[in-house]
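Biologist: I should like to learn how to read a protein model, one feature at a time. May we begin?

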Amino acid sequence: MRNAWLASFIRFPLLVIVLLLLFLMLKIFGLPFHFPYLPEFSNVYFTVVNVLCFFLLQRLLTKEGRSIKELIDFRSDRLIKDIFSGMLWLLVLYVPFVLTVLGVMFIMYGTELFQHFQSVFNGNEEIFTFPRPGWLIWLTACLSFIFPFLNAPMEELMYRGYAQPLFIKHYKKVWLGILIPAVGFALQHLILAVSLSGAVVYSAAFFVWGIGSGIIFYKQKRLFPLIVCHFFVNIAFGILPLIFLISGS
């Protein structure tokens, strides 16, 4: 059970540590980096953490006589069907995700919720408007190509593929086995928030996404379609560094 808890909650502290190291590196280079967040740099610390988690999960599974390939359950004869299933799950998960965002925003701001989207999700843009060295923008842009191929499978493997079945088996309660990894999934996304209100919205919305993904995995018993779904989401997320590069920011 210790390994299931580790898989569910190790990513958040790792993200914080890597973010701190990135902050120190930028300080050493004399860059005016405003801690703790810059939108286009999230690919950097997420990619580092994904690599670390890959080796961690591989080690855990090897000790158990299992493999990452086994958890992913890729089947070439079902590839087209799995891609369409992933697109379907994207729609199924996106609707409650957006409704949760709007619902939490409405609870906090009432009918004026749309007027606060800028401050909640973008924060103070003035602290982000400073020159970035070309090498750093190119680095983050290059990592944006790698990001979806690492992040989508690693998050699904850690939370749904590995931790969730162990929790369900141990506690004999499906809802609890789905709930715990969903909490860890939501917690790691706090690293993306630029404001306290944004952290509240992110935690609620990604918790709902985690619950939905957990239910789908429990019902379907296959992880690869969810990885495809997550991949589509991460492609959109990885475009930001490319936008900064093309715009010359």
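**Reading a helical model**

Modeller: Just after α3, Gly65 has a positive phi of about 75°. Please keep in mind that this model is predicted.

Biologist: How many helices and strands does the secondary structure of the protein have?

Modeller: The protein has 10 helices and zero strands. Along the sequence, the pattern reads α-α-α-α-α-α-α-α-α-α.

Biologist: How does one check the length of a helix, for instance α3, against what is expected?

Modeller: The general idea is to take a rise of 1.5 Å a residue and compare the resulting span with the separation of the end C-alpha atoms. For α3, with 22 residues, the span should be 32 Å, and the end C-alpha atoms are indeed 32 Å apart, so the two agree. Helix α8, residues 174–188, has 15 residues and reaches 22 Å from its first C-alpha to its last, which is close to the 21 Å expected.

Biologist: Which residues of α3 are buried?

Modeller: A residue counts as buried when its relative accessible area is under 20%. In α3, the buried residues include Tyr45, Phe46, Val49, Asn50, Cys53, Leu57, Leu60 and Leu61. When reading such a list, recall that an α-helix has 3.6 residues a turn, so residues three or four places apart point the same way. In α8, the buried residues include Leu176, Ile180, Pro181, Gly184 and Phe185. Over the 249 residues of the protein, 47% count as buried.

Biologist: How should I describe the way in which α2 and α3 are placed relative to each other?

Modeller: One looks at the approach of the axes and at their angle. The axes of α2, residues 11–28, and α3, residues 42–63, come within 9 Å and cross at roughly 130°. This angle falls outside the ranges for roughly parallel, antiparallel and perpendicular, and α2 and α3 are therefore oblique to each other. Their crossing is right-handed.

Biologist: Which residues of α2 meet α3?

Modeller: On the α2 side they are Arg11, Leu14, Leu15, Val18, Leu19 and Leu22; their partners in α3 include Tyr45, Phe46, Val49 and Cys53. By class, the residues of this contact comprise 11 nonpolar, one polar and one charged.

Biologist: Are α1 and α8 roughly parallel or oblique to each other?

Modeller: The axes of α1, residues 2–9, and α8 come within 8 Å and cross at roughly 30°. Angles under 35 degrees count as roughly parallel, and α1 and α8 are therefore described in that way. Trp5, Ser8 and Phe9 in α1 meet Ile180, Pro181, Val183, Gly184 and Leu187 in α8. This contact has six nonpolar, two polar and no charged residues.

Biologist: Is Ser8 buried or exposed?

Modeller: Ser8 lies in helix α1. Because its relative accessible area is 1%, Ser8 is buried. Leaving aside residues up to four places away in sequence, Ser8 touches Tyr159, Ala163, Phe167, Pro181 and Gly184.

Biologist: Where does Phe41 lie, and is Phe41 buried or exposed?

Modeller: Phe41 lies in the loop between α2 and α3. With 2% relative accessibility, Phe41 counts as buried. The C-alpha atoms of Phe41 and Leu143 are separated by 9.6 Å, although these residues are 102 residues apart along the chain.

Biologist: What share of the contacts in the protein joins residues 24 or more positions apart?

Modeller: Among contacts with a separation of 6 or more, residues 24 or more positions apart account for 81%.

How values were computed. Residues numbered from 1 in each chain as written. Predicted model: local features only at pLDDT ≥ 70, side-chain atom pairs only at ≥ 80, totals over all residues. Heavy atoms only, no water. Axes fitted to C-alpha atoms, helices over the stretch in contact; angles between N-to-C directions. Helix = DSSP H or I, 4+ residues; strand = E, 2+ residues; numbered from the N terminus. Parallel < 35°, antiparallel > 145°, perpendicular 65-115°, else oblique. Left-handed = near helix turned anticlockwise from the far one by under 90°. Contact = heavy atoms within 4.5 Å. Nonpolar A, V, L, I, M, F, W, Y, C, P; charged D, E, K, R; others polar. Expected span 1.5 Å × (residues − 1). Buried < 20%, exposed > 50% of the residue type's maximum accessible area, 1.4 Å probe, protein only.
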